[in-house]
Amino acid sequence: MAHMENQEPNNQESAAASSFSQTSQTRTRSWWKVPLLTFAVTVLVVWGVGAFAYPYLYTRLIYNGLENAVVQHGISPGSSSGIPINTLYTMPTLASPSQSNALGSTGNHDTLYTGGWLDLSTGPEVLHVPDMAGRYYSIQLTDPWGTDFAYVGRRTTGTQAGDYLISEPGWQGKVPVGMKRIVSPNNTVLLIGRTLVESDSDLATAYGLAKQIQLTPLSQWQPGQ
C-alpha cells in the first residue's frame, strides 16, 4: 500500500509535466503561425496592389516620358527642336530606321507623320483637316492611359475637309455649326497623324496635304479658317 501511495504522486507529476510540454509546443506552434500569417497576408496585399498599380503607373510613366520627348525634341530623328503644346508638326520626309528614340525613327516607311500634344485645360482646340481627295490618312487621339479614344481619317470620317472640336469632358460651351465634337476623357491628349505616300514622286503632294492638318484654339477660330 505504501508503495502504491508513493507511485500516485509520481504519476501526477508526470502527467503535469506532459501537459506543460504539450502546452509549450502548442504555444510555440501558435507563435510561429502569427508571423507566417502576417507574411502571407502582406505578400497577398503587395501582389494585389502591384498587379493593379504596375500597368496603371507604367503606362503613365511611358506617356509622360513620350510627352517630354516630343515637347523638348520633336518627332524627327536627330531634331533638337521641340513641338510646343497645342501645336502640330509634320515630318517632311519618310520615317527611316535610326538609333534615336524619336517617334519618326521607327515608323512606317510609306507614311508621313504628324504629331503634337494637346492641353485642353485652357479651352477646346479645333482640329482642321484638308480635303485628302481619297488619300488614306489617319489621326489618332490617345489619352494618358494609352487608350485611343478617337480617330479622324478615311476609315472613320472620310477624306473630305472638316473641322473637329476637341474638348475636355466638362466643357459646356457651344459647338460651332458644322463642326463635330470629340470629347477627350482627359485634358492631356497625344495626337499622331499618318498620311500615306504612294511613291517617291508623291512625297511633295502628300506633304503639302499633311502639313495642312492644324490646331487652332476655339477662342481664335474663325469659319473658313
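The following legends describe close-up views of a predicted protein model.

**Figure 1. Overview of the protein and its order of helices and strands.**
The predicted model contains two helices and nine strands. From the start of the sequence to its end, these elements follow the pattern α-β-β-β-β-β-β-β-β-α-β. The protein has 225 residues, and 34% of them are buried. Among contacts with a separation of 6 or more, 65% join residues that lie 24 or more positions apart. The accessible surface amounts to about 13700 Å², and carbon and sulfur atoms contribute 58% of this area.

**Figure 2. The open sheet of five strands.**
The strands of this sheet are arranged in the order β1-β2-β8-β4-β5, and their pairing is antiparallel. The edges are formed by β1 (89-90) and β5 (148-153); each has a single partner strand, so one side of each lacks a neighbour in the sheet. Within the sheet, β4 (residues 137-142) pairs with β8 (residues 188-196) through six bridges in the antiparallel sense. Leu 141 has Leu 191 of β8 as its bridge partner.

**Figure 3. Helix α2 against the sheet strands.**
Helix α2 comprises residues 203-210 and lies across β1, β2 and β8. Its direction makes an angle of about 15° with β2, the strand of residues 111-119.

**Figure 4. Strand β3 and its two partners, β6 and β9.**
Four of the five residues of β3 are buried, so this strand is largely enclosed by the rest of the structure. Strand β3 is joined to β6 by five bridges, and the two run antiparallel. Strand β3 also pairs with β9 (residues 214-217), again in the antiparallel sense, over four bridges. Leu 127 appears in both pairings: Tyr 164 stands opposite this residue in β6, and Leu 215 stands opposite this residue in β9.

**Figure 5. The largest nonpolar core.**
This core consists of 19 residues, of which Leu 127, Val 129, Ile 139 and Val 152 touch the most other members. At least two core residues come from each of β3 (125-129), β4, β5, β6 (162-167) and β8. Strand β4 provides the largest share, three residues. When residues up to four places away in sequence are not counted, Val 152 touches Leu 127, Val 129, Tyr 137, Ser 138, Ile 139, Thr 157, Tyr 164 and Ile 182.

**Figure 6. Asn 86 in the loop between α1 and β1.**
Asn 86 is located in the loop that links α1 (2-73) to β1. Its relative accessibility is 16%, and Asn 86 therefore counts as buried, since the cut-off for a buried residue is under 20%. The side chains of Asn 86 and Glu 125 form a polar contact at 3.3 Å. Leaving aside residues up to four places away in sequence, Asn 86 touches Trp 117, Leu 118, Asp 119, Thr 122, Glu 125 and Leu 215.

**Figure 7. Thr 87 in the loop between α1 and β1.**
Thr 87 is likewise found in the loop between α1 and β1. With a relative accessibility of 31%, Thr 87 counts as partly exposed. Thr 87 and Gly 115 are 28 residues apart along the chain, and their C-alpha atoms are separated by 8.4 Å. Not counting residues up to four places away in sequence, Thr 87 touches Gly 115, Gly 116, Trp 117 and Leu 215.

Note on methods
Residues are numbered from 1 along each chain as its sequence is written. This is a predicted model: local features need pLDDT of at least 70, side-chain atom pairs count only at pLDDT 80 or more; totals for chains, interfaces and linings use all residues. Side-chain values use heavy atoms; hydrogens and water are left out. Two strands pair if DSSP finds at least two bridges between them. Contact means heavy atoms within 4.5 Å. Axes are lines fitted to C-alpha atoms, for helices over the stretch in contact, and angles run from 0 to 180 degrees between N-to-C directions. Buried means under 20% relative accessible area, exposed over 50%, partly exposed in between (1.4 Å probe, protein chains only). Accessible areas come from the Shrake-Rupley method with a 1.4 Å probe; for residues, only the protein chains shown count as cover. A polar contact is a pair of N or O atoms within 3.5 Å; within protein, one must be able to donate a hydrogen and the other to accept it, and residues adjacent in sequence count only if both atoms are side-chain atoms. A nonpolar core is a set of buried Ala, Val, Leu, Ile, Met, Phe, Trp, Tyr and Cys residues joined through side-chain atoms within 4.5 Å.
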